[in-house]
Amino acid sequence: MFDVHTWNIPHMSMHPCPREGWKVTNTIPQWSRNTDFPMRHFINVHEVVEQKEDVMLWTPNQWKEGNKPTNENVHETHAFVCDFDKISVMDAKVIFAKLKGFAYIAHASYSHKPLLPSFRVILPVSRPIKPEEFKRVWWEVQAIFPKLDKSCKDPRRLWYLPSCHSERKRFYWSSAKNGDIFVDVDALLQQSLKRKPPRKKAPPPKFSNTEDALNYGISKDKFVRIQIAEQLGAKIMERGVAVGVKCPNCHRNSVWFTLQPTDGGWARCNHLNKCGWFGQLTEFME
Ligand SMILES: [Zn+2]
């Protein structure tokens, strides 16, 4: 059982608020490095401000010595911050249901509204995450929480300290739960190895004439086949077959083809015994 109330994160950094512009915040080294920072501060303390730019930022990172907060300069990450921004009440419920039994500190973020929840969940990690591992871990957690904000998958990401606008202060909330460790870094990395890399889409083919483009459409594209069926005056059956096309051989309206391009460009005459014609759909286009 992990106790978040006595959770001292071994390294965390504080960064100046972006009042002077993000350029300043992003280019100067961290304001302060903290070791053994008591995370319960995130439960107990939050700022009420008129503008977000007045709030200081933090990271659960240990940075390489004296450097700017860039991805390259992250040494290790000591907690996993999940950011959920303007999601539905139902999605928020699902997230906390999935977190049941796990240790976390959660707090409303600056833009939180009761009917449009925005919040952060700070999860302890089984071991520090190395920057080269971070994205793989992040994608595994994202697979569990699809609403995770994609803008925060970089380890360098700075987080505002718990805060809210003065007009929304009555809606602010924070919570802390003891439990198991959700982010088991090695298990998630192991799992990410099993995941197939997303298949790259084949580049669209290049054609040098209309015929090639049409042939490609006939063999690959259902909508091209529907258009052809319409052009040929075919009847489209519910089971996804075009029927009643005039047979080039026996001249009866007995040729049929499937609309799904699963069997290539083939069309067949129904009178297989007496006629037996089968051929390419392209033949009707000549
Ligand atoms: Zn025929």
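The following exchange concerns the predicted model shown above.

Colleague: On what basis are residues numbered and local features accepted?
Modeller: Residues are counted from 1 along each chain as its sequence is written. As this is a predicted model, totals for chains, interfaces and linings use all residues, side-chain atom pairs count only at pLDDT 80 or more, and local features need pLDDT of at least 70.

Colleague: Which domains does the domain assignment give, and how many Å lie between their C-alpha centres?
Modeller: The bounds come from an automatic or database domain assignment. That assignment gives domain 1 as 4-192 and domain 2 as 210-285. The C-alpha centres of domain 1 and domain 2 are separated by 58 Å.

Colleague: Which strand or helix gives the most to the largest nonpolar core?
Modeller: A nonpolar core is a set of buried Ala, Val, Leu, Ile, Met, Phe, Trp, Tyr and Cys residues joined through C-beta atoms within 7 Å; helices (H or I, at least four residues) and strands (E, at least two) are DSSP runs numbered from the N terminus. The largest core has 39 residues, of which M39, Y104, I122, L123 and V183 touch the most other members. At least two residues each come from β1 (8-15), β4 (57-59), β6 (74-84), β7 (104-108), β8 (119-129), α4 (131-144) and α5 (185-194). The most, 6 residues, come from β8.

Colleague: Which residues does L123 touch, not counting those up to four places away in sequence?
Modeller: Contact requires C-beta atoms, placed from the backbone, within 7 Å. With residues up to four places away left out, L123 touches A79, F80, C82, Y104, F182 and V183.

Colleague: How many residues form the second, separate core?
Modeller: Among the members of this second core are I218, A229, A234 and V245. The size of this separate core is 12 residues.

Colleague: Are α4 and α5 roughly parallel or roughly perpendicular?
Modeller: The axes, lines fitted to C-alpha atoms over the stretch in contact, with angles from 0 to 180 degrees between N-to-C directions, come within 9 Å and cross at roughly 85 degrees. Angles under 35 degrees count as roughly parallel, over 145 as roughly antiparallel, 65 to 115 as roughly perpendicular and the rest as oblique. Therefore α4 and α5 are roughly perpendicular.

Colleague: Which residues make the contact of α4 with α5?
Modeller: From α4 come E133, R136, V137, W139 and E140. From α5 come V185, L188, L189, Q191 and S192.

Colleague: Is N34 exposed or partly exposed, and which residues does it contact beyond four places in sequence?
Modeller: A residue is buried if 20 or more other C-beta atoms lie within 10 Å of its own, exposed if 12 or fewer, and partly exposed in between. N34, in strand β2 (residues 32-38), has 15 such neighbours and so counts as partly exposed. Beyond four places in sequence, N34 is in contact with M12 and M14.

Colleague: Is D36 buried or exposed?
Modeller: D36 is also found in strand β2, and its phi is positive, near 50 degrees, in a residue other than glycine. Because D36 has 9 C-beta neighbours inside 10 Å, D36 counts as exposed.

Colleague: Where is K86, and is it exposed or partly exposed?
Modeller: K86 is not a glycine, yet has a positive phi of about 50 degrees. K86 is placed in the loop between β6 and α3 (89-98). With 13 C-beta neighbours inside 10 Å, K86 is therefore partly exposed.

Notes: Contact = placed C-beta atoms within 7 Å.
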